[in-house]
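Please open the model in your viewer and keep the sequence beside it, since this tour moves from one selection to the next.

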Amino acid sequence: MNRRALDELKQQIPLLDYLQAHDWRPARRVRDERLMGLCPLHTDHKPSFLVDPHKNLFYCYGCGRGGDVIRFAELYHQVKFPEAVALLREWCGQAPLLDQVIDFYRIQLFRHHDAVSYLYDRGLHRPDVIEHMRIGYAPGRCLRAWLTDLGFPTAVLRQAGLVNAAGKDAFVQRIVFPLEGNLYGRSIQGSAPHLFLPGSKGGLYGWERVRRCPEVILVEGLFDYAVLWQAGFHHVTCSMGSHLNARQFQQLCDGRRTVYLAFDSDHNQGGQLAAQWMSRRLWAQGVSARRVHLPDGQDPNSFFVGGGDAHQFQRLLEAARP
Ligand SMILES: [Zn+2]
């Protein structure tokens, strides 16, 4: 394998994504947007593992080891260089698998009336938003057979989290949203509503489309995103939860912009507290943040489902304060 192919492989796999996919969680942020956490390579009791997500490098002050994503794979899986490269390539290879899964689920959506009517109830009325977000539906009990026919070994499906230990489809009766390198499934039954595939939830939703906008609306949920997009607010992005991962936070800070935080205005104030905290962190990085105040107990989705319109939401944006 030549140097260029190795560089390409490394570019395809951000070190932080790979670490997070292997359950590494940063304990704190240090200077220059670097992250510190427990070392996955030795028994570590206080965080000594430093990651630089920009340079794609790590270093452990405990065991003294460091390097790039290939070096990490060598040490973590205790394999030699060529095997580490092979493992990383296999990890990358999940992308074509996910594309097949997304296509399959998109076809299923229009075969299942209950899924379409669920979307309707959540305020998604227009085909263009379903097309734009590539929304699909996982009925359950049929994906595995389809992918097996296409030649994907069960072990690969299990490793990707698409099939559970019992060999059954992991996503059952769920609306499915494709993310970058992952899937988000929302149960239409309400029980255990959220499901991601193992690994990182990725960066901000649809970030490439909005990163050059001078103003960006950030929401917590994909159904919030959908109704806003449908109402003509195309400068919207979503963190898929009120907690942003390191990469998502970095994205918000990578340029000059105003960020409108349209988090849930829930009764226990979780969303508002998260927005307050996020606003302070953004201002500390030189990003102007404004908190959108929704009526009590509402999120952007319920605001539109309950009859709110684009003009009313626009007024909320104008009234937003730091
Ligand atoms: Zn270490």
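Begin at the zinc ion, whose site is tetrahedral, with angles of 98 to 124 degrees among its four donor atoms; bear in mind throughout that this is a predicted model. Select Cys-39, His-42, Cys-60 and Cys-63, which coordinate the zinc ion through SG, ND1, SG and SG respectively, at 2.0 to 2.3 Å. Along the sequence, these donor residues follow the spacing C-x2-H-x17-C-x2-C.

Stay with two of these donors: are Cys-60 and Cys-63 buried or exposed? Cys-60 counts as buried because its relative accessibility is 0%, whereas Cys-63, with a relative accessible area of 26%, is partly exposed.

Next, select Asp-17, Glu-180, Gly-181, Asn-182 and Gly-202, which lie nearest the centre of the largest pocket among the 50 residues that line it. This pocket holds about 1400 Å³ of space, and its lining consists of 22 nonpolar, 17 polar and 11 charged residues. Colouring by helix is useful here, as several helices each supply at least two residues of the lining, including helix 2 (15-21), helix 4 (81-92) and helix 7 (127-133). Helix 5 (94-109) also belongs to this group, and its five residues are the largest share of the lining.

Finally, turn to the second largest pocket, which has a volume of about 400 Å³. Select Pro-26, His-243, Leu-244, Asn-245 and Ala-246, the closest to its centre of the 17 residues in its lining. Strand 1 (28-30), helix 12 and helix 13 (270-284) each give at least two residues to this lining, which by class has seven nonpolar, five polar and five charged residues.

Technical notes
Residues numbered from 1 in each chain as written. Predicted model: local features only at pLDDT ≥ 70, side-chain atom pairs only at ≥ 80, totals over all residues. Heavy atoms only, no water. 1 Å grid on protein atoms, 1.4 Å probe; cavity = no way out; pocket = protein on both sides within 12 Å on 5 of 7 lines; lining within 4 Å. Points joined across faces, edges and corners; volume = space filled by probe spheres on them. Helix = DSSP H or I, 4+ residues; strand = E, 2+ residues; numbered from the N terminus. Nonpolar A, V, L, I, M, F, W, Y, C, P; charged D, E, K, R; others polar. Donors = N, O, S within 2.8 Å, 3.2 Å for Na, K, Ca; no water. Tetrahedral: all angles 85-135°; square planar, octahedral: opposite > 155°, others 65-115°. Buried < 20%, exposed > 50% of the residue type's maximum accessible area, 1.4 Å probe, protein only.
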